[in-house]
Every structure is written in structure tokens, then in C-alpha cells.
Amino acid sequence: MKTALLLPIGIAKETVYGVMRYPEVKPDVIITITVRGLEEVKSEILSGVTSLAELMGIPHYHVSISYGDTEAGAKIFNLLKTHKPQTIVVSGVTGSRYLFPIVAQVLLLYWHEYKARILLIHGIEGESWELVPFISFFTYNLKRRQKEIFELIYQVPKDIIKTKEEFIEKYRLGRHVYTILKELEMRGLISRRRNKIIKTMPGYLLYNLLKSLGEVKHE
């Protein structure tokens with residue numbers, strides 16, 4: 001399964017290289033993105049990325065964007081479309097904030113068109129990072145049954161729930177629940193491993209937002 005690393009680049013060299021060495025990221029292609037300016041600093045970082053990509057035996061492509069570039073998203077999307085990765089990992093700890101809405105629009109379209117798995121390196125520069133489902137931060141409108149199951153999961157006072165013993169049997173749910181669990185997993189609101197349902201940070205965020213709206217009904 002082909003993985004692309006989408007790597008916005010600013011001027012923090014060590015953070016960029018840290019992302020490339022992140023053990024959970026094993027790309028088959030790297031796409032770097034910069035906003036024009038401070039070219040001398042960025043060219044040194046890009047040279048290092050190219051060298052690391054060569055050592056890894058994978059291709060590296062670069063997209064340079066200027067302010068107001070209306071073709072910016074299409075440039076990134078066309079590179080992704082050429083390589084057709086089934087997984088995209090995007091760094092949320094590097095690069096200019098200007099790039100965020102552009103990259104988000106590209107990834108949402110790619111997810112919709114190709115049903116790819118999109119993962120975000122999320123965290124604080126200089127501290128800790130984790131991989132979380134990108135699409136989950138843009139999920140808010142659940143179907144009725146999805147919402148009911150989502151709420152039941154997040155009302156259980158554990159981060160990890162045994163699917164059968166602590167969830168399906170406890171709430172007397174039928175086998176149809178597996179379809180809904182798969183749908184919630186695709187949206188990044190839970191993850192699953194064997195007989196476990198694992199809550200995600202975006203899932204917690206959405207649950208608490210729904211509580212703020214007064215839309216949680218089962219507590």
C-alpha cells in the first residue's frame with residue numbers, strides 16, 4: 001500500500017528532519033511544500049530532504065507556492081493523483097500557517113475521490129507528536145444511528161473498550177453495529193484492533209462539542 005508524506009517546510013530544520021525520521025512514517029514518496037521567502041534557509045532544508053529521500057530510495061517532489069497562487073491546490077493534488085497513494089501522512093508541525101487551508105482542501109478532495117487514509121502528525125513543535133486521522137477534525141454531522149453508537153462509546157469511562165464484552169453485550173447490540181463501527185473508524189472517531197474499540201483525540205473533541213450543543217442524549 002503506497003504512502004505519501006506531505007511535508008510543508010518552513011525554517012525549522014530539525015523539526016522537518018524529525019518528521020522524516022518519525023518511526024511511524026514510512027513513505028514511498030515525499031512531497032514538500034513551501035511558501036516563497038527566506039529561500040536560502042529553505043533551500044538548505046530541501047537539499048537535506050532530497051538527500052534523505054535518496055538514502056531511502058524514494059522520489060522527492062517539491063511545490064513552491066507564492067501568496068495568492070490560485071493553482072496551489074491543483075499542483076499538490078496533481079502530484080498525489082499521479083502517484084495514487086492509499087495513505088497520505090501530512091505534517092501538522094512544520095511549515096507556514098498559510099498552507100493549512102490549502103492543504104486541507106486538497107486532502108479533503110483526495111479523501112472523497114479516492115477513499116484514501118489520511119493521517120495527520122499532530123502535536124507541538126519541540127514536544128510530543130502523534131498520528132491521528134486527519135478527516136476526523138472535519139467530521140461533525142453524523143447520521144442518527146452513527147451518533148447514537150458514537151455517544152455510547154464515549155460515555156464508557158475507558159480509553160479502550162472490549163468490543164464484545166464491554167460494548168456489544170452490555171448494550172445488547174446486534175451484529176449491525178459492526179457496520180457502524182467501521183463507518184466511525186473511517187471518519188477517524190475511533191480506531192479498532194482485534195476485539196478493542198480505541199477512542200481518539202478527535203473523537204473526544206467532537207463528543208465534548210456535542211455536549212456543549214446539548215446534543216448528547218444518553219448520559
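A salt bridge here is a side-chain nitrogen of Lys or Arg within 4 Å of a carboxyl oxygen of Asp or Glu. By this rule the count for this predicted model comes to 6 salt bridges.

**Figure 1. The whole protein, with 8 helices and 9 strands.** Let us start with the full view before moving in. The C-alpha trace spans about 60 × 35 × 35 Å along its principal axes. The protein has 219 residues, and 45% of them count as buried. About 12300 Å² is exposed, with carbon and sulfur atoms supplying 53% of that area. Among contacts between residues at least 6 apart in sequence, 72% join residues at least 24 apart. The protein carries 31 positive and 23 negative charges, and the mean positions of these two sets are 8 Å apart.

**Figure 2. Met-20 and its contacts.** Met-20 belongs to helix H1, which covers residues 13-20. With a relative accessibility of 8%, Met-20 counts as buried, because the cut-off for buried is under 20%. Leaving aside neighbours within four places in sequence, Met-20 is in contact with Leu-5, Leu-7, Ile-30, Val-49, Leu-52, Ala-53 and Met-56. Take Ala-53 as an example to follow on the model: Met-20 and Ala-53 are 33 residues apart in sequence, and their C-alpha atoms are 9.0 Å apart in space.

**Figure 3. Thr-87 in strand E4.** Is Thr-87 buried or exposed? Thr-87 is buried, and its relative accessible area is 2%. Not counting residues up to four places away in sequence, Thr-87 touches Met-1, Lys-2, Thr-3 and Ala-4, along with Arg-117 and Leu-119.

**Figure 4. Two lysines with positive phi.** Most residues other than glycine have a negative phi. Here are two lysines to look at with that in mind. Lys-84 has a positive phi, near 50 degrees. Lys-84 lies in the loop between helix H3 (72-83) and strand E4 (87-91), and is partly exposed with a relative accessible area of 45%. For Lys-115, phi is near 55 degrees, again a positive value. Lys-115 lies in the loop that runs between helix H4 (99-114) and strand E5 (117-123). The relative accessible area of Lys-115 is 60%, so Lys-115 is exposed.

**Figure 5. A nonpolar patch on the surface.** Which residues make the nonpolar surface patch of about 440 Å²? The patch is made by Phe-100, Phe-137, Phe-138, Met-201 and Leu-205. Phe-137 has its place in the loop between strand E6 (129-133) and helix H5 (144-155). The relative accessible area of Phe-137 is 31%, and Phe-137 is partly exposed. Met-201 is found in helix H8, residues 201-213, and counts as partly exposed at 36% relative accessibility. Beyond residues up to four places away in sequence, Met-201 touches His-122 and Glu-130. For a distance to check on the model, try Met-201 and Leu-120: they are 81 residues apart along the chain, and their C-alpha atoms are separated by 12 Å.

**Figure 6. A positive patch on the surface.** Lys-162, Arg-193, Arg-194 and Lys-196 form this patch. Arg-193 sits in strand E8, residues 190-193. Arg-193 is exposed, with a relative accessible area of 56%.

**Figure 7. Salt bridges in close-up.** Side chains of opposite charge can pair when their charged atoms come close. Three pairs are shown here.

- Lys-75 and Asp-69 form a salt bridge, with their closest N and O atoms 2.7 Å apart. Lys-75 is partly exposed, at 33% relative accessibility, whereas Asp-69 is buried, with a relative accessible area of 17%.
- Arg-144 forms a salt bridge with Glu-148, and the closest N and O atoms are 2.9 Å apart. Because Arg-144 and Glu-148 are 4 residues apart in helix H5, about one helical turn separates them. Arg-144 is exposed, with a relative accessible area of 61%.
- Arg-192 and Glu-185 meet through their side chains in a salt bridge of 3.3 Å, N to O. Arg-192 is partly exposed, with a relative accessible area of 27%, and Glu-185 counts as partly exposed at 29% relative accessibility.

A network completes this view: Arg-144, Arg-145 and Glu-148 are joined by salt bridges that share partners.

Notes: Residues numbered from 1 in each chain as written. Predicted model: local features only at pLDDT ≥ 70, side-chain atom pairs only at ≥ 80, totals over all residues. Heavy atoms only, no water. Buried < 20%, exposed > 50% of the residue type's maximum accessible area, 1.4 Å probe, protein only. Contact = heavy atoms within 4.5 Å. Areas by Shrake-Rupley, 256 points an atom, 1.4 Å probe, with all protein chains shown as cover. Lys, Arg positive; Asp, Glu negative; His and termini not counted. Charge placed at Lys NZ, Arg CZ, Asp CG, Glu CD. Patch = residues over 30% accessible without salt bridge, like charges linked within 9 Å, V, L, I, M, F, W, Y side chains within 5 Å.
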